[in-house]
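Trainee: I should like to learn how burial, cores and surface patches are read from a model. Could you guide me through an example?

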Amino acid sequence: RPGFRRRGVTPAPEPLILPPVDSRVAQFAISPAWFQRSMQGLRSLGRLGLFNIVLFVFAVWIFAAVADEVREEEHLHIEKELMLALREGTPPHPVGPYWLADVARDVTGLGSVAVLSGVVALVAGFLFLSRHHAASLFVIAASLGGLGLNNLLKTFFGRDRPDEALRLVEISSHSFPSGHAMSSATIYLT
């Protein structure tokens, strides 16, 4: 009879009926097996591989923080005060011995297009002649990729260089990110 229930006996719960799951959605579900496979993949990288991943994530985080400050332009007055503190006289010239500016230009030259192009040509040529063709192409691709990314980021941020009176050399491109620093890191670390 409907509504009739015997004492001490609870009725069985009605089965839960779920709508059908689309197979395209189901493939993105995180399952214990997926997590276990991912952890095995991380273990196979070893300590050095994990360290490199952590270092890469940290570097991207630092770049994003600096890029945010550059975009907001809140640091410009501090930067200008620092540059003026390292100059004296009228017109302003760098503080310190006369040769220090030359040393700074020489060290900066290690990141110039001429020096880096020569390094890439020598390394890629050596790798190619020693039949390491894939490594040679990798060096060339990494170098060109770093150059392209740097130019793209410079165009995106469009940050002007400091006043002409505060410059040691005349450069017409945008100032952030530093082409010398990014290209040097890309090429020398590859």
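Mentor: The discussion below goes from a single residue to cores and then to the surface. This is a predicted model, in which local features need pLDDT of at least 70, side-chain atom pairs count only at pLDDT 80 or more, and totals for chains, interfaces and linings use all residues. Residues are numbered from 1 along each chain as its sequence is written, and side-chain values use heavy atoms, with hydrogens and water left out.

Trainee: Is Ser-143 buried or exposed?

Mentor: Buried means under 20% relative accessible area, exposed over 50%, and partly exposed in between (1.4 Å probe, protein chains only). Ser-143 has a relative accessible area of 13%, so it is buried. Leaving aside neighbours within four places in sequence, Ser-143 is in contact (heavy atoms within 4.5 Å) with Val-120, Thr-186 and Ile-187.

Trainee: Which residues form the largest nonpolar core?

Mentor: A nonpolar core is a set of buried Ala, Val, Leu, Ile, Met, Phe, Trp, Tyr and Cys residues joined through side-chain atoms within 4.5 Å. The largest one has six residues: Ala-67, Val-70, Leu-153, Phe-157, Phe-176 and Met-182. Apart from it lies another core of five residues, including Leu-116, Val-120, Leu-127 and Val-139.

Trainee: What contacts does Phe-176 have beyond its neighbours within four places in sequence?

Mentor: Phe-176 is in contact with Phe-63, Val-66, Ala-67, Val-70, Leu-153, Lys-154, Phe-157 and Arg-159.

Trainee: Is Val-57 buried or exposed?

Mentor: Val-57 is exposed, because its relative accessible area is 52%.
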